[in-house]
Amino acid sequence: MDIELFNFDLPEELIAQSPEEKRDRCRLLLIDREHRKYRDAVFSDIYDYLHPGDVLVRNDTKVLPSRLIGVKEDSGGKVELLLLKQLQGDEWECLVGHSRSVRVGSRLVFGDGKLIATCTAVLPEGIRHAKFSYDGIFLEVLESLGEMPLPPYIRKQCANNDEYQTVYAKHPGSAAAPTAGFHFTEQLLERLRKKGVEIVDLTLDIGLGTFRPVKVNDTDDHHMHSEDIHLRAEAATALNKAKEEGRRIVATGTTSVRTLEAVYGKYGRFVPVDEATSIFISPGYRYKAVDALITNFHLPKSTLIMLVSAFMGREFTLECYSHAIEKRYRFFSFGDAMFIYGNYDYGGD
């Protein structure tokens, strides 16, 4: 499909620059994809739309403070490093700003020498492999020196790192947050548990794909960067039981969608996995695992708006986005949310 089919005009002032003070008081667009209807609400109202027996699936990945600002040892020039993925031991895949001057053997110094990265491999598109040297525990050093890897459309750092984490973040490893989960509070989750909503966690470590725009004109020519997914045995058992009993699987965010659909599509059921996926979901894809979706409002021409369009139709997606813009919803990472439910026949656009 032509990438321009997923474009829309967004006033810059609607791009949220900070989170809501109370997470579950953001706005929520409730979308019935079966009857092509929607209405405005607040996020805490989702309590009334999640039913006993539903399985709410969350991505429990934890964002690393992986943005490092330092200098090149040989020249003293400023350098910016974004850690993407741990390869082995102290060697990481990184995205490097002004990468041409960073070659194999280049040493990058952070925190007056508390952390030193030595380039071990040069890859295309600004990617480098780097081996780190330090004293103590790596994650503690990173916590003291690193900044949260906020998207470029957010102009200032958070007041504290917890603002860019879900309240249930557990497993460190992501270069970005699963932002649809921002809206849940511990209190709301406990109310849902008491109602009979089953909560299941999985992990997708968000990596380079989050930072790479779609650069092709035809979606068929786009290739997703692979990301590591982890589905544990108890989660797979719970999800299979829900499928067998006809209960809804509700995905919190596009990362949960990609994990669930990748596993179910490959194996025909949910199985424990620790593997990589590069699944790309766009219109024409038939969902196999997910019945309802909680998600934020996404960038124009992004793979994420394509994923949502595959879930409820491209034209209806853009209609809902147009309504959100008219009603001054907040967009992107710190923005408002949608809850999409109801059957869908996968016809049309």
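Visitor: Which residues of helix H1 (residues 138-145) are buried?

Guide: The structure shown here is a predicted model, and the answer concerns the side of the helix on which these residues lie. Seen down the axis of H1, the buried residues fall within an arc of 100°, so they line one face of the helix. An α-helix has 3.6 residues a turn, so residues three or four places apart point the same way. The buried residues of H1 are Phe-138, Val-141 and Leu-142.

Visitor: Which exposed residues does the face of H1 turned away from its buried side carry?

Guide: The buried side of H1 is covered by elements that include strands E5 (67-72), E6 (78-88), E7 (91-96), E9 (115-122) and E10 (127-134). On the face turned away from that buried side, the exposed residues are Glu-140 and Ser-144.

Visitor: In what order do the six strands close into a barrel?

Guide: The pairing in this barrel is antiparallel, and the twist averages 45° from one strand to the next. E5, for instance, pairs with E6 over five bridges, and with strand E8 (residues 107-110) over two bridges. The six strands close in the order E5-E6-E7-E10-E9-E8.

Visitor: What is the bridge partner of Leu-68 in E6?

Guide: E5 and E6 form a hairpin with five residues between them, and Gly-76 in the turn has a positive phi of about 80°. Across this pair of strands, Ile-69 stands opposite Glu-80 in E6. The bridge partner of Leu-68 in E6 is Leu-81.

Visitor: Which helix gives the most to the largest nonpolar core?

Guide: This core has 68 residues, of which Tyr-164, Leu-231, Leu-239, Leu-260, Phe-270, Tyr-287 and Phe-331 touch the most other members. Leaving aside neighbours within four places in sequence, Leu-231 is in contact with residues including Leu-202, Leu-239, Val-263 and Phe-270. The helix that gives the most to the core, with seven residues, is H5 (residues 303-312).

Visitor: How many residues are in the second, separate core?

Guide: In soluble globular proteins, nonpolar side chains tend to be buried together. Here a second core, separate from the one already described, includes Phe-43, Leu-56, Val-197 and Ala-292. The number of residues in this second core is 20.

Visitor: At what angle do H5 and helix H6 (residues 314-326) pack?

Guide: Two packed helices are described by the angle between their axes and the distance between the axes. Ile-305, Val-308, Ser-309 and Met-312 in H5 meet residues of H6, among them Arg-314, Phe-316 and Tyr-321, and H5 passes H6 in a right-handed crossing. With their axes 7 Å apart, the two helices pack at an angle of about 115°.

Visitor: What is the relative accessible area of Ile-340?

Guide: Ile-340 lies in strand E17 (residues 337-341). Leaving aside neighbours within four places in sequence, Ile-340 is in contact with Ile-31, Arg-33, Ala-292, Leu-293, Thr-295, Val-308, Phe-311 and Met-312. Ile-340 is buried, with a relative accessible area of 0%.

Visitor: How many Å apart in space are Ile-340 and Asp-291?

Guide: In sequence, Ile-340 and Asp-291 are 49 residues apart. In space, C-alpha to C-alpha, the separation between Ile-340 and Asp-291 is 8.9 Å.

Terms used
Residues numbered from 1 in each chain as written. Predicted model: local features only at pLDDT ≥ 70, side-chain atom pairs only at ≥ 80, totals over all residues. Heavy atoms only, no water. Buried < 20%, exposed > 50% of the residue type's maximum accessible area, 1.4 Å probe, protein only. Helix = DSSP H or I, 4+ residues; strand = E, 2+ residues; numbered from the N terminus. Arc of directions from axis to C-beta. Contact = heavy atoms within 4.5 Å. Core = buried A, V, L, I, M, F, W, Y, C linked by side-chain atoms within 4.5 Å. Pairing = 2+ DSSP bridges. Axes fitted to C-alpha atoms, helices over the stretch in contact; angles between N-to-C directions. Left-handed = near helix turned anticlockwise from the far one by under 90°.
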